[in-house]
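This report looks at the largest pocket and the aromatic pairs of a predicted model. The pocket is taken up before the rings.

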Amino acid sequence: MSETSGTLHLGQASTLPPSPEEARLDYVPNPREDALYLVRFAAPEFTSLCPVTGQPDFAHLVIDYAPGRTIVESKSLKLFLGSFRNHSGFHEDVTVGIGQRLAAEMEPRWLRIGGYWYPRGGIPIDVFWQSGPPPEGLWVPEQGVASYRGRG
């Protein structure tokens, strides 16, 4: 984990990583480590590629976490998520993989991710993963993304 002075992206010009494997996530010290609180990131225009057809898949991702010693630096998270534009993966692999990587590297008190994928083949696929039960006393609001209802 990097400290603020050792971040790759914070305050620097950065380019989109060519793949999630090559993307580096930066973490900074949690300024309120003594407080139990929730951080939410929403990526309503997330894209990756279908591993079968190579066509783009679209999702609304919601990442909630209760920080431990560090917080993820938002610019590095944005670049990491953007690196999936050229990544082929099934919805389940992409969603769970993002959550597991963040949980492993950041070591939050708790993390969950909801992947609300737009229909592929006429079927929307929603994928959910969490690192375990939320800590007692943590306010965990609903993610607020409605199930897919089509145009009507």
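## Pocket lining and aromatic pairs

With 6 residues, β2 gives the most to the lining of the largest pocket, and both β2 (39–49) and α1 (74–82) supply at least two residues each. The space in this pocket comes to about 250 Å³. Among the residues that line the pocket are Phe41, Phe46, Ser74, Lys78 and Arg85, and the lining as a whole divides into 6 nonpolar, 3 polar and 3 charged residues.

The structure holds 6 aromatic pairs, and two of them are set out here.

| Pair | Centre to centre | Angle between planes | Arrangement |
|---|---|---|---|
| Phe41 and Tyr65 | 6.4 Å | 15° | stacked |
| Tyr116 and Phe128 | 5.4 Å | 75° | edge-to-face |

The stacked pair links distant parts of the chain, since Phe41 belongs to strand β2 and Tyr65 to strand β3 (residues 56–66), 24 residues apart. Phe41, which also lines the largest pocket, has a relative accessibility of 21% and therefore counts as partly exposed, whereas Tyr65, at 2% relative accessibility, counts as buried.

In the edge-to-face pair, Tyr116 lies in strand β5 (residues 110–117) and Phe128 in strand β6 (residues 126–130), so that the pair ties together parts 12 residues apart in sequence. Tyr116 has a relative accessible area of 11% and is buried.

Phe46, Phe80, Phe84 and Trp117 form one aromatic cluster, and Phe46 is also one of the residues that line the largest pocket.

How values were computed:
Residues numbered from 1 in each chain as written. Predicted model: local features only at pLDDT ≥ 70, side-chain atom pairs only at ≥ 80, totals over all residues. Heavy atoms only, no water. 1 Å grid on protein atoms, 1.4 Å probe; cavity = no way out; pocket = protein on both sides within 12 Å on 5 of 7 lines; lining within 4 Å. Points joined across faces, edges and corners; volume = space filled by probe spheres on them. Helix = DSSP H or I, 4+ residues; strand = E, 2+ residues; numbered from the N terminus. Nonpolar A, V, L, I, M, F, W, Y, C, P; charged D, E, K, R; others polar. Phe/Tyr/Trp six-rings, centres within 6.5 Å; stacked < 30°, edge-to-face > 60°. Buried < 20%, exposed > 50% of the residue type's maximum accessible area, 1.4 Å probe, protein only.
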